[in-house]
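Student: I would like a close look at one internal space in this model and at the helices around it. Which residues line the second largest cavity, and how do the helices that take part in such linings pack against one another?

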Amino acid sequence: MSTNWRELFPTKLTFVIFLLYMSLFIGQGIFVTASQESNNSYGYNTVTVVLLTEVFKLIVSTCLYCRDNNLRSLVRDVQKDRNVLGLYMVPAFLYCLYNNLAFVNLATFDPTTYYLLLQLRVVVTGILFQIIFKKYLSQRQWISLILLTLGCMMKQVDFGSFYSDANDDSESAAIQQQLQSHNKTTAAGTNAHGKNMSGFDFSLSAVFILAQTICSCLAGVYNEYLLKDKGADVNIFVQNVFMYLDSIVCNAVILLLRGELIDAFSPQNLASIMRFSVLIIIVNNAAIGIVTSFFLKYMNSILKTFASALELLFTAVLCYFLFSIPIYMNTALAIAVVSYAIYLYTQSPVVNIGKVRPLSTLSDATTKSTDKRKLLDEEAAESDLDMV
C-alpha cells in the first residue's frame, strides 16, 4: 500500500501549515523556559501574559478579516452567529486552562520531559475523535497511534540500567552526569537545575500535567468539531474572534478570582512583561493559536498529535546540529519507532474534512459559505465521474 500524501496534505498550503505548527510549538517550550528566573520562577504575571496573548490574537484576526471586509461587517457577522460565539466558550475555557498550566508545568519539568509527558494525549485524542465525529479508527491507525506513544516514551527509558554503569549510554544518565559535573564547577546553576527530568512521579506536578493533557485533547477535538460542523459556514477569522473573545473573558475571570485583576495591569507588572524574552512568548503563542485554527479546520486533530510527537524528536535533532548535543541510544530508538509509526499512519491516514473544502490559498479561508457549498458539490460530482 502506497503513502497517501494527498489525503494527509490535500494542498501544498496545508503542508506549510503543518510545518509552521511544529516550528512554533518547538519554540514555545524554549521561549518559556528562557524567560524563567534562576530558581525556575517567573518574574512576571503569567496569567496576564496569557490574557495579553489572547488580546493580540484578537487584534491579528480582526486585521486579517478586515483585509477583505470592514469592522461593521465583522460586528454584523458576530451578531448573526452569536450562538456559535456561545459554543466557543467550551474550547476557550479549556485552552485557557491549558495555556496557564503550560507555565506551571514548564517551571517543574524541563522542555524535553514536558513534551514527552504531553504525548499521553495521542491515544486520548484518538478515543475522543471517535466519540465526537463517529469516525472509527482502523486497526492500522490505532497501531500507529500506540507505536507513536511508545516511541515518545522510549526516549525516557534508561537503557543503561540493563548494562554496567561504565557502558551506560542512556540520555538520562548522561544528563545526570552533566548536571553533577556542572554543579561541582559552579554554584550558579542553570534553568534546568532543580527540575523534574525523570518524568511521571505521582506527585501534584503529575496531576497538573494530566490536567493539561486532558484540556489539550478535549479542546482540540471539540474545536475541530466547531470549525468543521457547527461553524463550518462561518468565516474562519470570525471563528477566531469568537474563540479569543471568550478566552479573554476566561483569563479575566481567573485574574479576578485570584484578586489580581487590577494589580495585573499596574505599571510595574506591565514593565516586567515589556521585555523581549516575554514579548516573544506572546507573539509566538499568538501565532500558534491562529495556525492551530487553520490546522484543525483543513486537517484534523489526529494529524496534530503526530505533529506534536515530531516536535519532540526535531528538538533533539536541532540541538545536535545547533548545540552539538549528542543523540543517545534513547533518542535514536525513539526516532526510529516514531518514524515507523508515522510511515504506518501515512498508509491509511484519517480523513475528516467535514463541511469544508481543501485550502489552496489563504483567500479560500474567507470564501462565502454559499461558494463553499457550491465548490463541495462540484468536487463531489467530479469524484463520482472519476469512479465511473
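Tutor: In this predicted model, the second largest cavity is lined by Arg121, Thr125, Ser216, Cys217, Gly220, Val221, Ser301, Lys304, Thr305 and Ser308. Two or more of the lining residues come from each of α8 (121-133), α11 and α15. Sorted by class, this lining holds six polar residues, two nonpolar ones and two charged ones, and the space that it encloses amounts to about 60 Å³.

To place this cavity in its setting, one can turn to the other enclosed spaces, for the structure has three cavities of 30 Å³ or more. The largest of them contains about 360 Å³ of space. Its lining is made up of 28 residues, and those closest to the centre are Lys57, Tyr95, Ile288, Gly289 and Thr292. The elements that each supply two or more residues to that lining are α2 (12-34), α3 (46-65), α6 (89-106), α11 (204-230), α12 (236-257), α14 (276-298) and α15 (301-323), so named here that α11 and α15 can be recognised from the lining of the second largest cavity. By class, the lining of the largest cavity comprises 13 polar, eleven nonpolar and four charged residues.

The packing of these helices can be followed from α11 outwards. The axis of α11 comes within 8 Å of that of α14, and the two cross at roughly 70 degrees. Because of that angle, α11 counts as roughly perpendicular to α14, and the crossing in which α11 passes α14 is right-handed. On the α11 side the contact involves Gly220, Asn223, Glu224, Leu227 and Lys228, which meet Ser293, Leu296, Lys297 and Tyr298 of α14. This contact is evenly divided by class, with three nonpolar, three polar and three charged residues. Gly220 therefore deserves a second glance, being a residue of α11 that meets α14 and also a residue in the lining of the second largest cavity.

The helix α11 also packs against α6, at an angle of about 145 degrees and with the axes 8 Å apart. Here the crossing is left-handed, and the residues of the contact comprise 17 nonpolar, six polar and no charged ones.

From α6 one can go on to α3, whose axis comes within 10 Å of that of α6 and crosses at roughly 140 degrees, which makes α3 oblique to α6. As α3 passes α6, the crossing is right-handed. Thr46, Val47, Val49, Val50 and Glu54 of α3 make this contact together with Asn99, Asn100 and Phe103 of α6, and by class these residues are four nonpolar, three polar and one charged.

Key: Residues numbered from 1 in each chain as written. Predicted model: local features only at pLDDT ≥ 70, side-chain atom pairs only at ≥ 80, totals over all residues. Heavy atoms only, no water. 1 Å grid on protein atoms, 1.4 Å probe; cavity = no way out; pocket = protein on both sides within 12 Å on 5 of 7 lines; lining within 4 Å. Points joined across faces, edges and corners; volume = space filled by probe spheres on them. Helix = DSSP H or I, 4+ residues; strand = E, 2+ residues; numbered from the N terminus. Nonpolar A, V, L, I, M, F, W, Y, C, P; charged D, E, K, R; others polar. Axes fitted to C-alpha atoms, helices over the stretch in contact; angles between N-to-C directions. Parallel < 35°, antiparallel > 145°, perpendicular 65-115°, else oblique. Left-handed = near helix turned anticlockwise from the far one by under 90°. Contact = heavy atoms within 4.5 Å.
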